[in-house]
Amino acid sequence: MKILAYERVEKPVLEALKANHDVQFFKNIDPNTDPKFLDALSEAEGIIGLGLPVNQKLLQKAPNLKIVSNVSVGYNNLDINELTKRNIMATNTPEILTDTVADMAFGLILATARRISELDHFVKSGQWTESLTEQHYGVDVHHKKLGIIGMGRIGNAIAKRAHNGFNMDILYHSHTRKPEAENNYHATFMKLDELLQEADFICLITPLTNETKGLIGKREFQLMKDTAIFINASRGGTIIEQDLIDALKNNEILAAGLDVYEQEPIQQDNELLKLKNVVTLPHIGSSTYETELKMSELAAKNLEAGLNGRKPPNLINGTVWENLNK
């Protein structure tokens, strides 16, 4: 089988695929113009990788494509409607990264509250020359109110850490009530505006959809307490970034911890990088070797199934499977 691999496929998985298939791997290229990529795309029966924009323009150049296997839980890079129209299967890698992303999100909570990045620089730059004063103090995390926007698997894992480890009160907003979270962590379901007004920490962990694009902007930041800390572990497009910058500069909120941005990699002239009360990470949500390897392995499993006439375990557009097996 002819397979096109793009960006993050871990080496052991890539080598295993190459042992059984004709695999071409691409990294740090422009998929719209790279001639070798476009040549491989024209023959590819399967695509595996991270972040490749699979849209109508790309699919017009991929007449033999049967399956696209995303090495991520999110799939906003895939035009699912267009793939379904063409009877091309789309898959992702859910569940595997739940605990790893939850660890990272809670790390951002702690880092922003206790100003860990800022004070690490304070020590290393030789500024710690006398006893600390109030200007260096952070805020407590334990026994505070944590508002989670998006109580899916990852949101639930964050709630578990907050409730069991830090005795936090859990508030959440989601499309539907989550009885498991309410029973296990005494989580309280709230309308979005109520949550924004009540929570001491607000953690956004929703997928990027038409509904969630720009979900948090000027109005929402103004609803938050001026002591609130905002965490974005979802996608950069779920907030209006300039409105966050303004809220931070105008002291409408206390701090922010970010793993995602409107443009990635973030541009060096972005004002977020100049603010001391922002912790910035390079989209490392699932980036531990153990988790990335498991994600690549599952993506390869999805790919192999689709190429060999079996239903992939993590098929997103099930209609395609139904159509192929009529």
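**Salt bridges and a pocket around helices α5, α6 and α7**

Arginine 161 is partly exposed, because its relative accessible area of 21% falls between the limits for buried (under 20%) and exposed (over 50%), as found with a 1.4 Å probe and protein chains only. The structure is a predicted model, in which local features need pLDDT of at least 70 and side-chain atom pairs count only at pLDDT 80 or more, while totals for chains, interfaces and linings use all residues. Residues are numbered from 1 along each chain as its sequence is written, and side-chain values use heavy atoms, with hydrogens and water left out.

**Salt bridges**

- Across the whole structure, a search finds 17 salt bridges, each being a side-chain nitrogen of Lys or Arg within 4 Å of a carboxyl oxygen of Asp or Glu.
- Arginine 161 is one of the partners, since its side chain meets that of aspartate 99 with an N to O distance of 3.1 Å.
- Arginine 161 belongs to helix α7 (residues 153–166) and aspartate 99 to helix α5, so this pair ties together parts that are 62 residues apart in sequence; helices here are DSSP runs of H or I with at least four residues, strands are runs of E with at least two, and both are numbered from the N terminus.
- Aspartate 99 is partly exposed as well, because its relative accessible area is 45%.
- Within helix α6, aspartate 120 and lysine 124 sit four residues apart, about one turn of the helix, and their side chains form a salt bridge of 3.3 Å, N to O.
- The two partners differ in cover, because aspartate 120 is partly exposed with a relative accessible area of 36%, whereas lysine 124 counts as exposed at 68%.
- Elsewhere, Lys2, Asp22 and Glu43 are joined into one network by salt bridges that share partners.

**The second largest pocket**

- The second largest pocket has a volume of about 580 Å³, where a pocket is an open set of points on a 1 Å grid over the protein atoms alone, with protein on both sides within 12 Å along at least five of seven lines, and lining residues have an atom within 4 Å of a point.
- Among the 26 residues that line this pocket, Arg115, Glu118, Leu119, Lys276 and Asn277 are the closest to its centre.
- Two or more lining residues come from each of the elements α5 (98–113), α6 and β12, and α6 gives the most, with five residues.
- Two of the residues closest to the centre also pair with one another, as the side chains of glutamate 118 and arginine 115 meet in a salt bridge of 2.9 Å, N to O.
- Glutamate 118 counts as partly exposed, because its relative accessibility is 24%.
- Lysine 276 is placed in the loop between β11 (255–258) and β12 (278–280), and it counts as exposed because its relative accessibility is 69%.
- Although their positions lie 161 residues apart along the chain, the C-alpha atoms of lysine 276 and arginine 115 are separated by 8.8 Å.

**Other positions in α5 and α6**

- Alanine 102 is found in helix α5 and is buried, because its relative accessible area is 0%.
- The C-alpha atoms of alanine 102 and isoleucine 158 are 5.1 Å apart in space, although the two residues are 56 apart in sequence.
- Valine 123 has its place in helix α6 (residues 116–124) and is partly exposed, because its relative accessible area is 45%.

Key
1 Å grid on protein atoms, 1.4 Å probe; cavity = no way out; pocket = protein on both sides within 12 Å on 5 of 7 lines; lining within 4 Å. Points joined across faces, edges and corners; volume = space filled by probe spheres on them.
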